[in-house]
Amino acid sequence: MSTILDTFIAPPCHEQIEILHQDAHLLIINKPSGLLSLSGKNPQNLDSVHYRLVQQFPGCTLVHRLDFGTSGLMVIARNKAINAALCQQFSQRSVTKTYSALLCGHLSEDEGVIDAPIAKDPRVFRGCPFPPLTANRHVLAIRL
């Protein structure tokens, strides 16, 4: 078994997590950019959405994650039963997700679709007029 060494150390994130909705079953939060969704394997990467929220909401679990550099809404389950139900909805794709991007420059069209695979290697986007600002490899299309 090989060990993968993760040398990334997240810089401190001083922004607070904004709770947009709270009930007995779930939280909807606004995750700031620059905050891990889950604590990393490196002990210096303890600060995360999950680490912060379990202090106030013991037993809460993340239904999904957002990349470190991505801000946006996250669904947080308040218990294991709700987590299972919400995870099933995500896995069955009954949850609709919308991604927005900030672009520099001028667009020739007001809207459109980029239907291309997304990878972490920026060389992949040489011919693409709208390179993504995040490396979400699982996002297959970007709506503009």
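Of the 144 residues of the protein, 28% count as buried. This figure, like everything that follows, comes from a predicted model. The mean pLDDT is 80, and 73% of the residues reach 70 or more. Residues 127-144 call for some care: over this stretch the pLDDT is below 50, although the stretch has 44 contacts in the model beyond near neighbours in sequence. Where pLDDT is low, the predicted coordinates should not be read in detail.

The secondary structure comes to 2 helices and 6 strands, and these follow one another along the sequence in the pattern β-β-α-β-β-α-β-β. How are the contacts spread along the chain? Among those between residues at least 6 apart in sequence, 50% join residues at least 24 apart.

A good place to begin a tour of the interior is the largest nonpolar core, which has 13 residues. Ile-17, Leu-27, Ile-29, Val-49, Leu-53, Met-74 and Ile-76 are the residues that touch the most other members of this core. Strand β2, helix α1 and strand β4 (72-77) are the elements that each give two or more residues to the core. A second, separate core has 7 residues, including Val-63, Val-75, Leu-86 and Phe-90. Returning to the largest core, Ile-29 illustrates how its members meet. Leaving aside residues up to four places away in sequence, Ile-29 touches Ile-17, Val-49, Leu-53, Met-74 and Ile-76, among others. Its further contacts include Glu-18, Ile-19, Leu-20, Gly-72 and Leu-73.

Polar interactions come next, and Arg-52 is a helpful guide to them. This residue lies in helix α1, which spans residues 49-56. A search of the whole structure finds 1 salt bridge, and Arg-52 forms a salt bridge with Asp-47, with 2.8 Å between the closest N and O atoms. Asp-47 counts as partly exposed because its relative accessibility is 30%. The side chain of Arg-52 also reaches the backbone oxygen of Cys-13, at 2.7 Å. Not counting residues up to four places away in sequence, Arg-52 touches Glu-15, Gln-16, Ile-17 and Leu-35, as well as Cys-13 and Asp-47. Ile-17 thus appears in two settings: Arg-52 touches Ile-17, and Ile-17 is among the listed members of the largest nonpolar core.

Cys-13 leads on to the cysteines. With a relative accessibility of 11%, Cys-13 counts as buried. Cys-60 is buried as well, its relative accessible area being 3%. How many disulfides does the whole structure hold? The search finds 0. A disulfide, for reference, is a covalent bond between the sulfur atoms of two cysteines.

Cys-60 also has a partner in space from another part of the chain. Asn-79 and Cys-60 are 19 residues apart in sequence, and their C-alpha atoms are 5.6 Å apart. Asn-79 is placed in the loop between β4 and α2 (80-91). Beyond residues up to four places away in sequence, Asn-79 touches Gly-59 and Thr-61. A polar atom of the Asn-79 side chain lies 3.1 Å from the backbone nitrogen of Ala-81. Is Asn-79 buried, exposed or partly exposed? Its relative accessible area is 28%, so Asn-79 is partly exposed.

Helix α2 itself contains Gln-89, which counts as partly exposed because its relative accessibility is 36%. Leaving aside neighbours within four places in sequence, Gln-89 is in contact with Ser-94 and Val-95. The C-alpha atoms of Gln-89 and Val-63 are 9.9 Å apart, with their positions 26 residues apart in sequence. Val-63 is one of the residues of the second core.

Two loop residues complete the picture. Arg-93 lies in the loop between α2 and β5 (113-115) and counts as exposed because its relative accessibility is 69%. Its phi is near 60 degrees, a positive value in a residue other than glycine. Most residues other than glycine have a negative phi. Ala-24 is found in the loop between β1 (18-22) and β2 (26-31). At 58% relative accessibility, Ala-24 passes the cut-off of over 50% and therefore counts as exposed. Its C-alpha atom is separated by 7.0 Å from that of Arg-78, a residue 54 places away along the chain.

Terms used
Residues are numbered from 1 along each chain as its sequence is written. Side-chain values use heavy atoms; hydrogens and water are left out. Helices (H or I, at least four residues) and strands (E, at least two) are DSSP runs, numbered from the N terminus. A polar contact is a pair of N or O atoms within 3.5 Å; within protein, one must be able to donate a hydrogen and the other to accept it, and residues adjacent in sequence count only if both atoms are side-chain atoms. Contact means heavy atoms within 4.5 Å. pLDDT is the predictor's confidence in each residue, from 0 to 100. Buried means under 20% relative accessible area, exposed over 50%, partly exposed in between (1.4 Å probe, protein chains only). A nonpolar core is a set of buried Ala, Val, Leu, Ile, Met, Phe, Trp, Tyr and Cys residues joined through side-chain atoms within 4.5 Å. A salt bridge is a side-chain nitrogen of Lys or Arg within 4 Å of a carboxyl oxygen of Asp or Glu. A disulfide is a pair of cysteine sulfur atoms within 2.5 Å.
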